[in-house]
Amino acid sequence: MAKQPFYHLRPNKNIDRSLFIQTLTGLSRHYPISNYHYIGFGSYLFDDFKLLHESLNISKMVSLEMDPLIYKRAKFNVPYNCIHIENTNSTDYLSELELEDKEHYIFWLDFVSPKDLGSQLSDYATLINLLRPLDIVRITLNASPAALGNCDDPDKQLERRLDKLKERVDSAYLPSSIQPSAVTTAEYPITLLRILKAVSLKLLEGRPPYSPNFMFPLFSSIYEDGQQMLTFTGIVLDDHAEEKYIIDSLSDYPHNTFKWDEPCKIEIPALTVREITELNKLLPNQDVRQQIINDFPFIFSEKEPEIVDSYISYYKLYPHYHQVNF
(Lines give C-alpha, C1' and ligand atoms only; values in the text may rest on other atoms or scores of the structure.)
Protein backbone atom coordinates (compact mmCIF):
# COMPACT_ATOMS: atom_id res chain seq x y z
CA MET A 1 0.00 0.00 0.00
CA ALA A 2 1.34 3.44 -0.91
CA LYS A 3 2.20 5.67 2.02
CA GLN A 4 -0.03 8.71 2.38
CA PRO A 5 1.47 11.85 3.96
CA PHE A 6 -0.63 13.30 6.75
CA TYR A 7 -1.18 16.64 5.05
CA HIS A 8 -3.62 17.72 7.73
CA LEU A 9 -0.66 17.91 10.11
CA ARG A 10 1.38 20.07 7.71
CA PRO A 11 0.82 23.74 8.45
CA ASN A 12 1.63 25.26 5.06
CA LYS A 13 -0.64 22.95 3.05
CA ASN A 14 -3.30 23.51 5.68
CA ILE A 15 -3.02 27.27 5.16
CA ASP A 16 -3.15 26.84 1.37
CA ARG A 17 -6.36 24.85 1.77
CA SER A 18 -7.81 27.55 4.02
CA LEU A 19 -7.06 30.20 1.39
CA PHE A 20 -9.03 28.08 -1.08
CA ILE A 21 -11.98 27.99 1.33
CA GLN A 22 -11.77 31.77 1.73
CA THR A 23 -11.85 32.20 -2.04
CA LEU A 24 -14.94 30.00 -2.38
CA THR A 25 -16.57 31.83 0.54
CA GLY A 26 -16.04 35.12 -1.25
CA LEU A 27 -17.37 33.75 -4.53
CA SER A 28 -20.48 32.49 -2.71
CA ARG A 29 -21.56 36.13 -2.35
CA HIS A 30 -22.21 36.16 -6.08
CA TYR A 31 -22.53 32.51 -7.13
CA PRO A 32 -24.43 29.52 -5.64
CA ILE A 33 -21.27 27.71 -4.51
CA SER A 34 -23.22 25.49 -2.09
CA ASN A 35 -24.97 23.93 -5.10
CA TYR A 36 -21.73 23.10 -6.93
CA HIS A 37 -20.40 19.58 -7.36
CA TYR A 38 -16.94 18.95 -5.90
CA ILE A 39 -14.53 16.38 -7.33
CA GLY A 40 -11.17 15.83 -5.66
CA PHE A 41 -8.75 13.35 -4.12
CA GLY A 42 -9.94 12.77 -0.56
CA SER A 43 -7.71 9.77 0.23
CA TYR A 44 -8.90 8.38 3.58
CA LEU A 45 -8.72 11.66 5.54
CA PHE A 46 -11.09 13.83 3.45
CA ASP A 47 -9.78 17.12 4.88
CA ASP A 48 -10.86 19.29 1.95
CA PHE A 49 -14.19 17.48 1.68
CA LYS A 50 -14.95 18.12 5.35
CA LEU A 51 -14.10 21.81 5.04
CA LEU A 52 -16.16 22.29 1.89
CA HIS A 53 -19.18 20.57 3.38
CA GLU A 54 -18.97 22.17 6.81
CA SER A 55 -18.02 25.68 5.66
CA LEU A 56 -19.98 26.00 2.42
CA ASN A 57 -22.59 23.22 2.64
CA ILE A 58 -21.40 21.62 -0.61
CA SER A 59 -23.10 18.23 -0.61
CA LYS A 60 -22.53 16.75 -4.07
CA MET A 61 -19.06 15.27 -3.83
CA VAL A 62 -16.90 12.66 -5.56
CA SER A 63 -13.51 11.47 -4.29
CA LEU A 64 -11.16 9.63 -6.65
CA GLU A 65 -8.85 6.94 -5.27
CA MET A 66 -6.93 4.62 -7.56
CA ASP A 67 -5.17 2.47 -4.92
CA PRO A 68 -7.46 -0.50 -4.07
CA LEU A 69 -6.40 -0.72 -0.43
CA ILE A 70 -6.67 3.01 0.20
CA TYR A 71 -10.05 2.90 -1.55
CA LYS A 72 -11.24 0.37 1.04
CA ARG A 73 -9.82 2.49 3.84
CA ALA A 74 -11.54 5.55 2.40
CA LYS A 75 -14.87 3.71 2.29
CA PHE A 76 -14.41 2.94 5.98
CA ASN A 77 -13.46 6.51 6.94
CA VAL A 78 -15.85 8.50 4.73
CA PRO A 79 -17.27 11.19 7.06
CA TYR A 80 -20.56 12.00 5.27
CA ASN A 81 -22.93 10.04 3.05
CA CYS A 82 -22.88 12.85 0.48
CA ILE A 83 -19.34 11.77 -0.57
CA HIS A 84 -19.21 9.17 -3.32
CA ILE A 85 -15.87 7.38 -3.70
CA GLU A 86 -14.69 6.13 -7.10
CA ASN A 87 -11.95 3.47 -7.30
CA THR A 88 -10.26 5.03 -10.33
CA ASN A 89 -7.58 7.50 -11.38
CA SER A 90 -8.16 10.99 -12.69
CA THR A 91 -7.22 10.12 -16.28
CA ASP A 92 -9.80 7.35 -16.57
CA TYR A 93 -12.43 9.33 -14.69
CA LEU A 94 -12.07 12.44 -16.85
CA SER A 95 -12.00 10.45 -20.09
CA GLU A 96 -15.50 9.15 -19.35
CA LEU A 97 -16.90 12.22 -17.58
CA GLU A 98 -20.08 13.87 -18.84
CA LEU A 99 -21.03 17.00 -16.93
CA GLU A 100 -24.69 17.50 -16.14
CA ASP A 101 -26.52 20.34 -17.85
CA LYS A 102 -27.24 23.39 -15.69
CA GLU A 103 -24.87 22.13 -13.00
CA HIS A 104 -21.58 23.71 -11.90
CA TYR A 105 -18.39 22.05 -10.72
CA ILE A 106 -15.29 22.54 -8.61
CA PHE A 107 -12.37 20.24 -9.43
CA TRP A 108 -9.18 19.91 -7.41
CA LEU A 109 -6.50 17.86 -9.16
CA ASP A 110 -4.24 17.48 -6.13
CA PHE A 111 -1.19 15.83 -7.67
CA VAL A 112 1.96 14.85 -5.80
CA SER A 113 4.20 12.78 -8.08
CA PRO A 114 6.69 14.89 -10.10
CA LYS A 115 7.53 12.17 -12.62
CA ASP A 116 3.92 12.14 -13.88
CA LEU A 117 3.87 15.84 -14.80
CA GLY A 118 3.09 15.08 -18.44
CA SER A 119 -0.01 13.03 -17.67
CA GLN A 120 -1.06 15.53 -15.01
CA LEU A 121 -1.01 18.36 -17.53
CA SER A 122 -2.90 16.12 -19.94
CA ASP A 123 -5.58 15.60 -17.27
CA TYR A 124 -5.74 19.35 -16.74
CA ALA A 125 -6.16 19.88 -20.49
CA THR A 126 -8.90 17.23 -20.66
CA LEU A 127 -10.69 18.84 -17.75
CA ILE A 128 -10.71 22.42 -18.99
CA ASN A 129 -12.07 21.21 -22.32
CA LEU A 130 -15.05 19.87 -20.35
CA LEU A 131 -15.65 22.84 -18.09
CA ARG A 132 -18.25 25.49 -18.72
CA PRO A 133 -18.56 29.11 -17.58
CA LEU A 134 -18.44 29.55 -13.79
CA ASP A 135 -16.83 26.13 -13.20
CA ILE A 136 -13.77 26.26 -10.96
CA VAL A 137 -10.53 24.32 -11.35
CA ARG A 138 -7.65 23.93 -8.93
CA ILE A 139 -4.45 21.99 -9.58
CA THR A 140 -1.51 21.17 -7.33
CA LEU A 141 1.86 20.22 -8.80
CA ASN A 142 5.21 19.25 -7.34
CA ALA A 143 7.41 22.34 -7.83
CA SER A 144 10.66 21.00 -6.42
CA PRO A 145 13.50 21.24 -9.00
CA ALA A 146 15.25 18.34 -7.27
CA ALA A 147 12.41 16.15 -8.55
CA LEU A 148 13.79 16.76 -12.04
CA GLY A 149 16.94 14.91 -11.05
CA ASN A 150 20.47 15.60 -9.89
CA CYS A 151 23.77 15.69 -11.73
CA ASP A 152 27.28 14.86 -10.54
CA ASP A 153 28.51 18.03 -12.21
CA PRO A 154 26.92 21.03 -10.43
CA ASP A 155 27.66 23.26 -13.41
CA LYS A 156 25.44 21.11 -15.61
CA GLN A 157 22.68 20.38 -13.14
CA LEU A 158 20.27 23.09 -14.30
CA GLU A 159 20.73 22.06 -17.94
CA ARG A 160 20.01 18.43 -17.09
CA ARG A 161 16.91 19.43 -15.13
CA LEU A 162 15.69 21.56 -18.01
CA ASP A 163 16.17 18.61 -20.35
CA LYS A 164 14.08 16.46 -18.00
CA LEU A 165 11.34 19.09 -17.94
CA LYS A 166 11.33 19.14 -21.74
CA GLU A 167 10.91 15.35 -21.71
CA ARG A 168 7.88 15.58 -19.44
CA VAL A 169 6.06 18.56 -20.98
CA ASP A 170 4.69 18.96 -24.51
CA SER A 171 6.89 21.49 -26.31
CA ALA A 172 3.74 23.45 -27.33
CA TYR A 173 3.31 24.46 -23.69
CA LEU A 174 6.91 25.44 -22.94
CA PRO A 175 8.13 29.03 -23.34
CA SER A 176 9.98 29.26 -26.66
CA SER A 177 13.09 30.79 -25.10
CA ILE A 178 13.16 28.80 -21.87
CA GLN A 179 16.54 28.88 -20.12
CA PRO A 180 18.12 26.68 -17.42
CA SER A 181 17.35 29.42 -14.88
CA ALA A 182 13.69 28.43 -15.27
CA VAL A 183 14.28 25.34 -13.11
CA THR A 184 15.91 26.97 -10.10
CA THR A 185 14.09 26.69 -6.78
CA ALA A 186 12.80 30.26 -7.03
CA GLU A 187 11.77 30.13 -10.69
CA TYR A 188 10.44 26.60 -11.17
CA PRO A 189 6.98 27.35 -9.69
CA ILE A 190 6.68 30.37 -12.01
CA THR A 191 7.69 28.16 -14.94
CA LEU A 192 4.91 25.72 -14.04
CA LEU A 193 2.41 28.58 -13.86
CA ARG A 194 3.47 29.68 -17.33
CA ILE A 195 2.95 26.15 -18.57
CA LEU A 196 -0.54 26.02 -17.04
CA LYS A 197 -1.31 29.38 -18.63
CA ALA A 198 -0.13 28.09 -22.01
CA VAL A 199 -2.36 25.02 -21.72
CA SER A 200 -5.33 27.21 -20.78
CA LEU A 201 -4.76 29.72 -23.56
CA LYS A 202 -4.30 27.02 -26.17
CA LEU A 203 -7.50 25.21 -25.27
CA LEU A 204 -9.84 27.99 -24.16
CA GLU A 205 -8.91 31.18 -25.96
CA GLY A 206 -8.60 32.23 -29.57
CA ARG A 207 -11.29 29.89 -30.92
CA PRO A 208 -14.39 32.06 -31.38
CA PRO A 209 -17.12 31.50 -32.28
CA TYR A 210 -16.62 27.89 -31.21
CA SER A 211 -15.48 28.61 -27.66
CA PRO A 212 -15.72 32.08 -26.09
CA ASN A 213 -14.54 30.61 -22.78
CA PHE A 214 -11.36 31.71 -21.05
CA MET A 215 -9.59 30.96 -17.77
CA PHE A 216 -9.64 33.78 -15.22
CA PRO A 217 -6.89 33.20 -12.62
CA LEU A 218 -7.96 33.68 -9.01
CA PHE A 219 -4.81 32.87 -7.06
CA SER A 220 -1.82 30.62 -6.88
CA SER A 221 0.42 29.71 -3.97
CA ILE A 222 3.82 28.21 -3.30
CA TYR A 223 4.36 26.29 -0.09
CA GLU A 224 6.61 23.63 1.32
CA ASP A 225 5.97 20.86 3.84
CA GLY A 226 8.84 18.60 2.81
CA GLN A 227 8.88 19.46 -0.88
CA GLN A 228 8.05 22.68 -2.69
CA MET A 229 4.55 22.60 -4.17
CA LEU A 230 2.52 24.89 -6.39
CA THR A 231 -1.24 25.30 -6.47
CA PHE A 232 -3.23 27.25 -9.07
CA THR A 233 -6.93 28.11 -8.83
CA GLY A 234 -8.98 29.60 -11.65
CA ILE A 235 -12.55 30.00 -12.87
CA VAL A 236 -13.82 29.53 -16.42
CA LEU A 237 -15.67 32.56 -17.81
CA ASP A 238 -17.21 33.55 -21.13
CA ASP A 239 -17.71 37.25 -20.44
CA HIS A 240 -15.01 39.69 -19.27
CA ALA A 241 -17.71 41.77 -17.59
CA GLU A 242 -18.00 38.97 -15.03
CA GLU A 243 -14.47 39.68 -13.80
CA LYS A 244 -15.57 42.80 -11.91
CA TYR A 245 -18.13 40.85 -9.88
CA ILE A 246 -15.48 38.30 -8.96
CA ILE A 247 -12.89 40.92 -8.00
CA ASP A 248 -15.47 42.72 -5.85
CA SER A 249 -16.53 39.44 -4.20
CA LEU A 250 -12.93 38.65 -3.26
CA SER A 251 -11.83 42.12 -2.19
CA ASP A 252 -11.47 40.96 1.44
CA TYR A 253 -9.01 38.22 0.48
CA PRO A 254 -5.76 39.76 -0.81
CA HIS A 255 -4.20 36.41 -1.72
CA ASN A 256 -6.44 36.53 -4.82
CA THR A 257 -4.21 38.51 -7.18
CA PHE A 258 -6.08 37.58 -10.41
CA LYS A 259 -2.72 37.17 -12.11
CA TRP A 260 -0.90 34.15 -13.50
CA ASP A 261 2.57 35.09 -12.32
CA GLU A 262 2.11 36.51 -8.81
CA PRO A 263 1.74 33.53 -6.45
CA CYS A 264 1.56 34.08 -2.72
CA LYS A 265 4.27 32.30 -0.79
CA ILE A 266 3.37 30.42 2.37
CA GLU A 267 6.50 29.91 4.48
CA ILE A 268 5.57 29.30 8.07
CA PRO A 269 7.84 27.15 10.26
CA ALA A 270 6.58 24.51 12.67
CA LEU A 271 5.75 26.26 15.93
CA THR A 272 4.95 25.22 19.49
CA VAL A 273 1.72 26.28 21.18
CA ARG A 274 3.61 28.72 23.39
CA GLU A 275 5.42 30.24 20.41
CA ILE A 276 2.12 30.74 18.58
CA THR A 277 0.55 32.31 21.66
CA GLU A 278 3.36 34.80 22.19
CA LEU A 279 3.61 35.67 18.50
CA ASN A 280 -0.11 36.28 18.20
CA LYS A 281 -0.04 38.73 21.10
CA LEU A 282 1.87 41.06 18.76
CA LEU A 283 -0.67 40.79 15.94
CA PRO A 284 -2.37 42.17 13.95
CA ASN A 285 0.30 44.76 13.24
CA GLN A 286 2.01 45.20 9.86
CA ASP A 287 4.94 47.08 11.45
CA VAL A 288 5.95 44.39 13.89
CA ARG A 289 8.36 42.44 11.64
CA GLN A 290 11.57 43.68 13.31
CA GLN A 291 10.22 43.09 16.80
CA ILE A 292 9.34 39.51 15.91
CA ILE A 293 12.84 38.92 14.56
CA ASN A 294 14.35 40.44 17.72
CA ASP A 295 12.08 38.59 20.15
CA PHE A 296 12.19 35.22 18.37
CA PRO A 297 15.73 34.86 16.94
CA PHE A 298 15.51 31.07 17.38
CA ILE A 299 12.66 30.99 14.83
CA PHE A 300 13.09 33.97 12.49
CA SER A 301 16.12 35.58 10.91
CA GLU A 302 17.13 38.90 9.39
CA LYS A 303 18.27 36.89 6.35
CA GLU A 304 14.76 35.54 5.69
CA PRO A 305 12.31 38.39 6.40
CA GLU A 306 9.79 36.85 3.99
CA ILE A 307 9.12 34.10 6.55
CA VAL A 308 8.11 36.71 9.10
CA ASP A 309 5.91 38.41 6.51
CA SER A 310 4.27 35.08 5.74
CA TYR A 311 3.39 34.54 9.39
CA ILE A 312 2.04 38.11 9.69
CA SER A 313 -0.18 37.46 6.66
CA TYR A 314 -1.48 34.01 7.60
CA TYR A 315 -1.22 33.71 11.39
CA LYS A 316 -5.00 33.36 11.77
CA LEU A 317 -4.94 30.30 9.52
CA TYR A 318 -2.17 28.44 11.35
CA PRO A 319 -3.66 25.08 12.37
CA HIS A 320 -4.08 24.13 16.01
CA TYR A 321 -3.39 20.54 17.01
CA HIS A 322 -4.64 18.96 20.21
CA GLN A 323 -4.42 15.51 21.70
CA VAL A 324 -7.83 13.92 21.94
CA ASN A 325 -8.68 10.82 23.95
CA PHE A 326 -11.57 8.71 22.60
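Is Cys151 buried or exposed? Cys151 counts as buried, since its relative accessibility is 13%. That question came up while I was going through this predicted model, and here are my other notes.

1. **Cysteines.** Cys82 goes with the buried residues too: its relative accessibility is 16%, and the cut-off for buried is under 20%. As for disulfides, the structure holds 0.

2. **Helix 5.** This one spans residues 117–130, and its length checks out. With 14 residues at 1.5 Å a residue, you'd expect a span of 20 Å, and the end C-alpha atoms are indeed 20 Å apart, so the two agree. Have a look at which side chains are tucked away here: the buried residues in helix 5 are Leu117, Gln120, Leu121, Asp123, Tyr124, Ala125, Leu127 and Ile128. Note that Asp123 and Gln120 are on that list along with the leucines.

3. **Aromatic pairs: the stacked one.** Searching the whole structure turns up 10 aromatic pairs. Take Phe216 and Phe258: their ring centres are 5.6 Å apart and their planes sit at 5 degrees, so this pair is stacked. It ties together distant parts of the chain, with Phe216 in strand 6 (residues 214–224) and Phe258 in the loop between helix 8 (242–249) and strand 8 (264–266), 42 residues apart. Both partners count as buried: Phe216 has a relative accessible area of 6%, while Phe258 comes in at 19%. I'd read that second value with the threshold in mind, because buried means under 20%.

4. **Aromatic pairs: an edge-to-face one.** Phe296 and Phe298 have ring centres 6.1 Å apart with planes at 70 degrees, so they are edge-to-face. Here the partners part ways on accessibility: Phe296 is buried at 9%, whereas Phe298 is exposed at 60%.

5. **A ring cluster.** Where do ring pairs build a cluster? Look at Tyr38, Phe46 and Phe49, which are linked into one by their ring pairs.

6. **Charges over rings.** Two arginines are worth a click. Arg73 lies over the face of Tyr44, at 3.8 Å from the ring centre. Over at Trp108, the charged end of Arg138 sits above the ring, 4.3 Å from its centre.

7. **Quick recap.** If you only open a few views, I'd go for the stacked Phe216 and Phe258 pair, the edge-to-face Phe296 and Phe298 pair, and Arg73 over Tyr44. Then swing round to helix 5 and its buried residues, including Tyr124 and Ile128.

Conventions: Residues numbered from 1 in each chain as written. Predicted model: local features only at pLDDT ≥ 70, side-chain atom pairs only at ≥ 80, totals over all residues. Heavy atoms only, no water. Helix = DSSP H or I, 4+ residues; strand = E, 2+ residues; numbered from the N terminus. Expected span 1.5 Å × (residues − 1). Buried < 20%, exposed > 50% of the residue type's maximum accessible area, 1.4 Å probe, protein only. Phe/Tyr/Trp six-rings, centres within 6.5 Å; stacked < 30°, edge-to-face > 60°. Lys NZ or Arg CZ within 6 Å of the ring centre and 35° of its normal. Disulfide = S-S within 2.5 Å.
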